[in-house]
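Welcome! Here are a few exercises to work through with the structure in view, each followed by a worked solution.

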Amino acid sequence: MAINASSLINSYFGAGNSLLSEETRRKLIALGIDPSTVTSEGQAQIIIQNAQKARKAEIENLPKQPEKVCSGSVSSEIELMKKAKELATKMGLHLADNLTLDEILKTISEEINTVLNSEYTDKSKRDLYKLYNTELGAINQSYKVTKENEKAVIMSMNMSANINKMILGL
């Protein structure tokens, strides 16, 4: 049996990891996994199954997109901060510049509740504060969606990190 240069080169460089079938190599690459890090077909199949399960779980845990929240789009926290400050200004509230969005929303909510629950509030002011309450509800809903999306991104990053650790054997 003769050894030719082609077989020596292939064996030296791993021949593209000839232990794996072409289909398995394609699946690994599609999942963003380097096939050269896998030592056997069985290990590759386990990694593929785990990665697919992780992606499926990731997709299932993503929050559902809301139907029309704050003009039909999910607002960033900065935009929500601006809207909350505008609402506070309309209500005549003077807020410190260093308040967080949570603190601003809480202050606005407390003021609305105070006015709506007061027996001395006239009808026109009560109606105006009901509109403010509706606007506050829209801001709160957008903020909730923004926080859920933030959590989903962090969860996705953690999942990717865990998959990478598993693949690298760490």
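**Exercise 1.** At what angle do the axes of H5 and H6 cross, and how should the pair be described?

*Solution.* Step 1: in this predicted model, the axes of H5 and H6 cross at roughly 155 degrees and come within 10 Å. Axes here are lines fitted to C-alpha atoms over the stretch in contact, and angles run from 0 to 180 degrees between N-to-C directions. Step 2: angles under 35 degrees count as roughly parallel, over 145 as roughly antiparallel, 65 to 115 as roughly perpendicular and the rest as oblique, so H5 is roughly antiparallel to H6. Step 3: H5 passes H6 in a left-handed crossing, that is, the near helix is turned anticlockwise from the far one by less than a right angle. Step 4: the contact (heavy atoms within 4.5 Å) includes Leu-105, Ile-108 and Ile-112 of H5 and Tyr-129, Leu-136 and Tyr-143 of H6.

Before going on, a word on conventions. Residues are numbered from 1 along each chain as its sequence is written. For this predicted model, local features need pLDDT of at least 70, side-chain atom pairs count only at pLDDT 80 or more, and totals for chains, interfaces and linings use all residues, while side-chain values use heavy atoms, with hydrogens and water left out.

**Exercise 2.** Which residues of H4 and H5 meet, and at what angle do these helices pack?

*Solution.* Step 1: H4 (residues 77-91) and H5 (residues 101-117) pack at about 30 degrees, with axes 10 Å apart. Step 2: H4 is therefore roughly parallel to H5. Step 3: the crossing of H4 and H5 is left-handed. Step 4: among the residues that meet are Leu-80, Ala-84 and Leu-87 in H4, and Ile-104, Ile-108 and Ile-112 in H5.

**Exercise 3.** Does the span of H6 agree or disagree with 1.5 Å a residue?

*Solution.* Step 1: H6 (residues 123-168) has 46 residues and should span 68 Å; the expected span is 1.5 Å times one less than the number of residues. Step 2: the end C-alpha atoms of H6 are 67 Å apart, which agrees. Step 3: buried residues in H6 (under 20% relative accessible area) include Tyr-129, Leu-136 and Ile-163. Step 4: Gly-169 follows H6 and has a positive phi, near 75 degrees.

**Exercise 4.** Is Thr-39 buried or exposed?

*Solution.* Step 1: find Thr-39 in the loop between H2 (22-30) and H3 (41-60). Step 2: Thr-39 has a relative accessible area of 56%. Step 3: exposed means over 50%, so Thr-39 is exposed.

Terms used. Helix = DSSP H or I, 4+ residues; strand = E, 2+ residues; numbered from the N terminus. Buried < 20%, exposed > 50% of the residue type's maximum accessible area, 1.4 Å probe, protein only.
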